Amino acid sequence: MDFLRPAGWAEALAAKAEHPTAVPIAGGTDVMVEINFDHRRPDRLLDLNRIGELYTWETDGPEVRLGAAVPYTRIMHELRSELPGLALAAHTVGSPQIRNRGSVGGNLGAASPAGDCHPALLAAGATVEAESVRGTRLIPVEEFYTGVKRNALAPDELIRAIRIQRATGPQQFAKVGTRNAMVIAVCAFAMALHPGERTVRTGIGSAAPTPVRARTAEDFLTAELRDGGYWESGRPLEPSLAAEFGRLAAGACNPIDDVRGSAAYRRHAVGVLARRTLAWVWAEHTTGEENHRCA
Amino acid sequence: MRVNLTVNGRPQQADDVWEGESLLYVLRERLGLPGSKNACEQGECGSCTVRLDGVPVCACLVAAGQAEGREVVTVEGLGEGELSAVQRAFIDAGAVQCGFCTPGLLVAADELLEHNPQPSDADIREALSGNLCRCTGYEKILDAVRLAAARRGEAG
Ligand SMILES: Cc1cc2nc3c(=O)[nH]c(=O)nc-3n(C[C@H](O)[C@H](O)[C@H](O)COP(=O)(O)OP(=O)(O)OC[C@H]3O[C@@H](n4cnc5c(N)ncnc54)[C@H](O)[C@@H]3O)c2cc1C
Ligand code: FES
Ligand code: FES
């Protein structure tokens, strides 16, 4: 095995172009498990730890440009107001030790349907900035997930950053698991209100081969909020509206039975999480008070 | 490959390191520091917790080459010569049974108290949520951290 340790971004791209099979390693919280258990024997590791740009972010524009390797702990603490949904999702990842190392770039690289960043990125609206010596591609996050643990990166590409719309309204993330730490999601749901555009967006995790948006549910709710004059009045949502939103969100799932939960349970739970997170974001939108309960 | 790093304040050099090896393996098998324990090698148990440039991490998930030039603190570095406050408190509170989880918990608890000298119970639970113990049921561990915090407060 070879251990490549580029000192800068250009050097990293050149190394990846020269050795397309080299496996990038950022926090190592996915890669090292695979190596320790002999599930993977890459011919080369490409260490990203020394590339400063990957550990910074820019918040000047309407988007946050988040360096691919910024650890979850920093997102939780330092990007809470810009990226509330992602910060909440980050807080549910593994444990403090895992959050001190693990990154959104790594979550995207692994592309597990259970990755906790994905629903939050889908709901917020995000683009993956993939780069190679050939140039930069901006991939809408919806198009990034191509299958179970597969993504749209070309062999010579690395993730430089994730561009995430800065929140203009409340966002929530909820995850079902057996305890509050160290849990791979049985299923997860993220919800974002976009009051400027008067739309809502969602993300579902662990309930289909890839992370998905519940588009029918989004369209339904966006139309109801508009036609019912909810944005102007800020009145409470009709229970029937929330129930239908939950039903449509459950309908967006295409889950499997596995050791963590049955398909039927996942579908049901996504419906519940959708209703619950909708209630939270709407309450925050209308009262200005954030909900800190966990789901 | 060769890896140079600082461990517990001392420059160290490990030779013949396999590129896929973890920092935990280097510490235990190449540098003679078996304090950090190896129980799961998958980040689940926290018994390998060390500080990498000050930050608590699972040493089993850090590639050896990623530690090049960095500062590592292991449980061996907590009390030089005598027991540190957290170590003393773990003993006094009866928080050690088989002891396998103890080094990782000590490193995590020590870091917590450094940043948060008067943690709430929720803070303690959160800080130690990445460390599993199969013996104590955690109550004595919580007692130990509270005790260490109280003693620090008195001393301080
Ligand atoms: C104990 C434990 C608990 C966990 N709990 C959770 C959890 O609750 N929720 C969750 O979502 N995940 C969890 N994970 C999985 C893991 O922590 C996350 O997927 C994390 O985001 C991975 O980030 P990393 O930087 O450590 O990735 P790495 O392990 O370094 O890399 C992961 C993958 O991404 C690729 N990669 C990394 N960076 C780049 C880049 N810049 N460009 C291109 N490819 C790249 C790597 O080649 C690899 O294929 C857990 C893991 C462990 C060990
Ligand atoms: S041995 Fe590293 S976390 Fe268990
Ligand atoms: S004392 Fe035995 S595992 Fe904690």
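How many of the 7 residues of strand β13 (residues 199-205) of chain A are buried? The count is 6, so to speak a strand that is mostly covered. Keep in mind as you look around that this is a predicted model.

Let's stay with β13(A) for a moment and look at its partner. Strand β12 (residues 187-194) of chain A runs antiparallel to β13(A), and 7 bridges join the two. If you want a spot to fix your eye on, find A:Ala188, which stands opposite A:Gly205 in β13(A). The two strands make a hairpin, with 4 residues between them. In that turn sits A:Arg198, which has a positive phi of about 55 degrees.

Now for another part of chain A, an open sheet of 5 strands. Reading across, the order is β4-β5-β10-β6-β7, and the pairing is antiparallel. At the edges you'll find β4 (57-58) and β7 (135-140) of chain A, each of which pairs on one side only. Helix α1 (residues 9-18) of chain A packs on this sheet, where it touches β6 (126-132) and β10 (158-165) of chain A. The direction of α1 makes about 120 degrees with that of β10(A).

Start at the β4 edge and walk inward. β4(A) pairs with strand β5 (residues 63-67) of chain A in the antiparallel sense, over 2 bridges. Here A:Trp57 stands opposite A:Leu66 in β5(A). This pair is a hairpin too, and β4(A) and β5(A) have 4 residues between them. One step further on, β5(A) and β10(A) run antiparallel and are joined by 5 bridges. Look for A:Gly67 there: its bridge partner in β10(A) is A:Ala161.

What about the inside of the protein? The largest nonpolar core has 82 residues, and the members that touch the most others are A:Leu86, A:Val104, A:Leu108 and A:Leu121. Helix α7 (residues 117-124) of chain A gives the most to this core, with 6 residues. A:Leu121 is a good place to zoom in. Leaving aside neighbours within four places in sequence, A:Leu121 is in contact with A:Leu86, A:Val104 and A:Leu108, and also with A:Ala126, A:Val141, A:Tyr145, A:Ile162 and A:Ile164. There is also a second, separate core of 31 residues, and its members include A:Val186, A:Leu237, A:Leu241 and A:Trp282.

Over to chain B, which has an open sheet of 5 strands as well. Its order is β2-β1-β5-β3-β4, and the pairing is mixed. β2 and β4 (55-58) of chain B are the edge strands, each pairing on one side only. On average, neighbouring strands of this sheet are turned by 40 degrees against each other, direction ignored. One parallel pair is β1(B) with β5(B), over 2 bridges. Within that pair, B:Thr6 has B:Glu71 in β5(B) as its bridge partner. Helix α3 (residues 102-115) of chain B packs on the sheet, touching β3 and β4 of chain B, and its direction makes about 45 degrees with that of β3(B).

Another helix to look at in chain B is α1 (residues 23-30), where B:Leu23, B:Leu24, B:Val26 and B:Leu27 are buried. The buried residues of α1(B) pack against four strands of chain B: β1 (3-7), β2 (10-14), β3 (49-52) and β5 (71-73). After α1(B) comes B:Gly32, with a positive phi near 65 degrees.

Last stop: helix α5 (residues 139-155) of chain B, which we can follow through two of its packings. Take α3(B) to begin with. α3(B) and α5(B) pack at an angle of about 40 degrees, with their axes 11 Å apart. They are therefore oblique to each other, and α3(B) passes α5(B) in a right-handed crossing. Among the residues that meet here are B:Leu105, B:Ala109 and B:Leu112 in α3(B), and B:Ile141, B:Val145 and B:Ala148 in α5(B).

Then there is helix α2 (residues 85-92) of chain B. The axes of α2(B) and α5(B) come within 8 Å and cross at roughly 135 degrees. That angle makes α2(B) oblique to α5(B), and the crossing is right-handed. At this contact, residues including B:Ala85, B:Val86, B:Ala89 and B:Phe90 in α2(B) meet α5(B) residues, among them B:Ile141, B:Ala144, B:Val145 and B:Ala148.

Methods
Residues numbered from 1 in each chain as written. Chains lettered and ligands numbered in written order. Predicted model: local features only at pLDDT ≥ 70, side-chain atom pairs only at ≥ 80, totals over all residues. Heavy atoms only, no water. Core = buried A, V, L, I, M, F, W, Y, C linked by side-chain atoms within 4.5 Å. Buried < 20%, exposed > 50% of the residue type's maximum accessible area, 1.4 Å probe, protein only. Contact = heavy atoms within 4.5 Å. Pairing = 2+ DSSP bridges. Axes fitted to C-alpha atoms, helices over the stretch in contact; angles between N-to-C directions. Parallel < 35°, antiparallel > 145°, perpendicular 65-115°, else oblique. Left-handed = near helix turned anticlockwise from the far one by under 90°.
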